[in-house]
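Open your viewer, keep the sequence panel in sight, and get ready to click along. Each stop tells you what to select and what you will find there.

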Amino acid sequence: MGKFYITTPIYYVNDRPHIGTAYTTVAADILARWHRLAGDEVFFLTGTDEHGAKIYKAAIEKGKTPKEFVDGVVPEFISAWKTMDISYDKFIRTTDTYHEDSVKKFVMKLWEKGDIYKGTYTGLYCVPDETFVSESDAKDGKCPSCGRQLETVSEEAYFFKLSKYKDRVIELIKNGLVLPDSKKNELLNRLSGDLKDLDITRKSVKWGIEFPPDPSHTIYVWFDALLNYVTALGWPDGEDFKKFWPADVHIVGKDIVWFHSVIWPAMLMAADIPPPKTVISHGWWTIEGRKMSKSLGNVIDPVKLSEKYSADAVRYFMAREKQIWDDGDFSEKSLESRINGELMADLSNLVARVLTIAEKSNVPESSEVELEGFIDFEEFSSFMGGADIFNALETILAGIRRVNKYFNDKKPWASSEEEKSKTLYNALEALRMISIVITPFMPSVGGKIANQLGLKQGKASDLKFSQFKGQPKRGPNLFEKL
Ligand SMILES: [Zn+2]
């Protein structure tokens with residue numbers, strides 16, 4: 001038992017919650033909930049990234065001020081996470097005053113140390129839009145938003161001495177900062193080349209946090225955004241910072257691992273703050289075999305999906321359908337088949353069958369244990385400790401199937417009273433433990449099973465055969481066939 005600090009990236013508010021952001025958030029929630037059950041003191045952070053030229057432009061197009069615009073989008077995230085049963089402890093917005101103040105303090109610390117200097121930033125610029133466009137966003141030298149020719153423009157900017165921390169960052173990554181290993185190797189490969197210093201301010205962007213040493217500049221949006229992980233805890237003096245930093249897990253999509261494993265630790269080193277312990281890189285979803293994109297019109301709304309199938313089913317599917325590190329495919333057909341198969345036929349039916357007999361029988365408080373090891377809880381716990389939610393869930397499923405087989409083989413409906421008692425005791429105890437380990441994945445289902453057993457929700461320390469003290473009463477089916 002100890003503390004556990006887990007974060008999602010903060011989501012950029014020029015987009016609405018989609019299956020990608022929902023996946024990151026659900027995965028973080030599963031881990032946060034497990035650590036709470038295991039008795040850790042958990043701090044689970046999520047939030048929104050609200051500065052930058054893109055937000056400014058989107059606001060102007062809608063005839064709003066940037067603040068009015070972001071204030072209008074943020075509730076969509078909050079409500080999406082509520083629908084999906086996300087148990088975050090804090091929701092940070094980068095327009096929150098405490099965050100802005102803390103970011104300025106951080107910049108001043110690096111400035112006074114001499115880790116920030118003035119230089120020239122050269123990049124592709126769209127004159128009518130007044131924005132720099134990254135090489136990767138530029139389409140044949142044209143602006144991705146208005147299609148006009150981009151020009152190469154130089155602008156005065158302040159730079160962070162990233163190169164100074166290269167060796168220490170390499171050491172950190174070699175020592176296991178990043179999971180999985182394939183990602184670690186990719187980063188080390190890239191770091192074997194040149195590591196340039198980074199421009200961290202913009203003179204042309206007005207919607208951002210003022211750069212204190214030179215107020216004609218604003219702090220570049222990603223630099224401000226990364227700092228949320230410490231400002232949310234009240235860095236430098238906050239009690240939560242003292243208690244929860246360093247982060248145990250930053251869970252991020254594979255496209256932003258570089259930011260979190262190279263740039264972010266270097267920023268922290270510059271400010272004499274310990275680096276995070278683990279950065280988990282997760283894969284992406286395709287939708288029905290195709291890349292998700294607005295232009296293809298195949299962006300899936302996780303909120304609508306949760307309203308249609310239940311948040312529990314969608315969370316289960318996300319954890320079950322693909323390895324966390326890998327890419328996977330999201331299809332409603334496959335979601336429905338997992339609901340009908342695993343959730344309805346395996347889990348819901350088992351609960352209903354056991355409870356139907358148990359509520360009409362004398363259930364003994366104890367009996368000979370016949371299902372010992374039906375789930376290897378040590379293995380389960382070790383998977384969860386390594387953020388391997390896919391294999392952890394696989395372990396539970398195998399356990400559910402074992403109990404099903406046991407119940408079928410024992411035929412308590414046709415056996416002697418003595419045999420029936422033993423079977424019921426074992427099946428009910430197994431269900432009690434299933435209700436505990438399934439809760440991080442499906443919070444509402446875990447609660448419903450405990451409730452039907454006539455028990456309060458258990459904790460990780462209750463994962464062993466003991467006295468059964470419930471009053472079983474069959475409730476509605478957990479899942480219905482679609
Ligand atoms: Zn343009």
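The tour below moves through strands, helices and the spaces between them.

**Before you start**

This is a predicted model, in which local features need pLDDT of at least 70, side-chain atom pairs count only at pLDDT 80 or more, and totals for chains, interfaces and linings use all residues. Residues are numbered from 1 along each chain as its sequence is written, and side-chain values use heavy atoms, with hydrogens and water left out.

Helices (H or I, at least four residues) and strands (E, at least two) are DSSP runs, numbered from the N terminus. Two strands pair if DSSP finds at least two bridges between them.

**Stop 1: strand S3 and its partners**

Select residues 41-49, which make up strand S3. Of its 9 residues, 8 are buried; here buried means under 20% relative accessible area, exposed over 50%, and partly exposed in between (1.4 Å probe, protein chains only).

Now add the strands that pair with S3:

- Strand S1 (residues 3-7) runs parallel to S3, joined by 5 bridges. Click Ile6 to find its bridge partner in S3, Phe44.
- Strand S2 (residues 11-12) is also parallel to S3, with 2 bridges. Here Tyr12 has Asp49 of S3 as its bridge partner.
- Strand S4 (residues 90-93) pairs with S3 in the parallel sense over 4 bridges. Look for Leu45, whose partner in S4 is Lys90.

While you have strands on screen, remember that in a regular strand the side chains alternate between the two faces of the sheet.

**Stop 2: an antiparallel sheet**

Next, show S6, S5, S7 and S9. These 4 strands form an open sheet in that order, S6-S5-S7-S9, with antiparallel pairing. S6 and strand S9 (198-199) are the edge strands, each pairing on one side only.

Zoom in on strand S5 (residues 116-126) and strand S7 (residues 151-160), which are joined by 10 bridges. One pair to highlight is Tyr117 with Phe159 in S7.

Then follow S5 to strand S6 (residues 131-133), where 3 antiparallel bridges are found. Cys126 stands opposite Thr131 in S6. The hairpin of S5 and S6 has 4 residues between the strands, and there Glu130 takes a positive phi near 55°.

**Stop 3: a pocket beside that hairpin's residues**

Keep Glu130 and Thr131 selected, as both line the second largest pocket. What else lines this pocket? Add Ala53, Tyr56, Lys57, Ile60, Glu61, Asp129, Ser204, Val205 and Lys206 to complete the lining.

Helix H2 (residues 53-61) gives the most to this lining, with 5 residues. By class, the lining has 4 nonpolar, 2 polar and 5 charged residues. Ala, Val, Leu, Ile, Met, Phe, Trp, Tyr, Cys and Pro count as nonpolar, Asp, Glu, Lys and Arg as charged, and the others, Gly among them, as polar.

The pocket's volume is about 250 Å³. On a 1 Å grid over the protein atoms alone, a pocket is an open set of points with protein on both sides within 12 Å along at least five of seven lines, while a cavity is a set where a 1.4 Å probe fits but cannot get out; lining residues have an atom within 4 Å of a point. Grid points are joined across faces, edges and corners, and a volume is the space filled by probe spheres set on the points.

**Stop 4: Phe259**

Select Phe259 in helix H10 (residues 257-270). Is Phe259 buried or partly exposed? Phe259 is partly exposed, because its relative accessible area is 27%.

Leaving out residues up to four places away in sequence, Phe259 touches Trp222, Leu226 and Trp264 (contact means heavy atoms within 4.5 Å). Phe259 and Trp222 are 37 residues apart along the chain, and their C-alpha atoms are separated by 8.6 Å.

**Stop 5: a mixed sheet**

Show S15, S14 and S16, an open sheet of 3 strands in the order S15-S14-S16 with mixed pairing. The edges are strand S15 (290-291) and strand S16 (328-330), each pairing on one side only. Strand S14 (residues 285-287) runs parallel to S16, with 3 bridges, and Ile287 stands opposite Phe330.

**Stop 6: the cavity**

Finish with the structure's 1 cavity of 30 Å³ or more, which holds about 40 Å³ of space. Select its lining: Tyr316, Glu342, Leu343, Asp346, Leu347, Leu393, Ile396, Leu397, Ile400 and Ile438. Helix H13 (332-358) and helix H15 (389-410) each supply at least two of these residues. The lining has 8 nonpolar, no polar and 2 charged residues.
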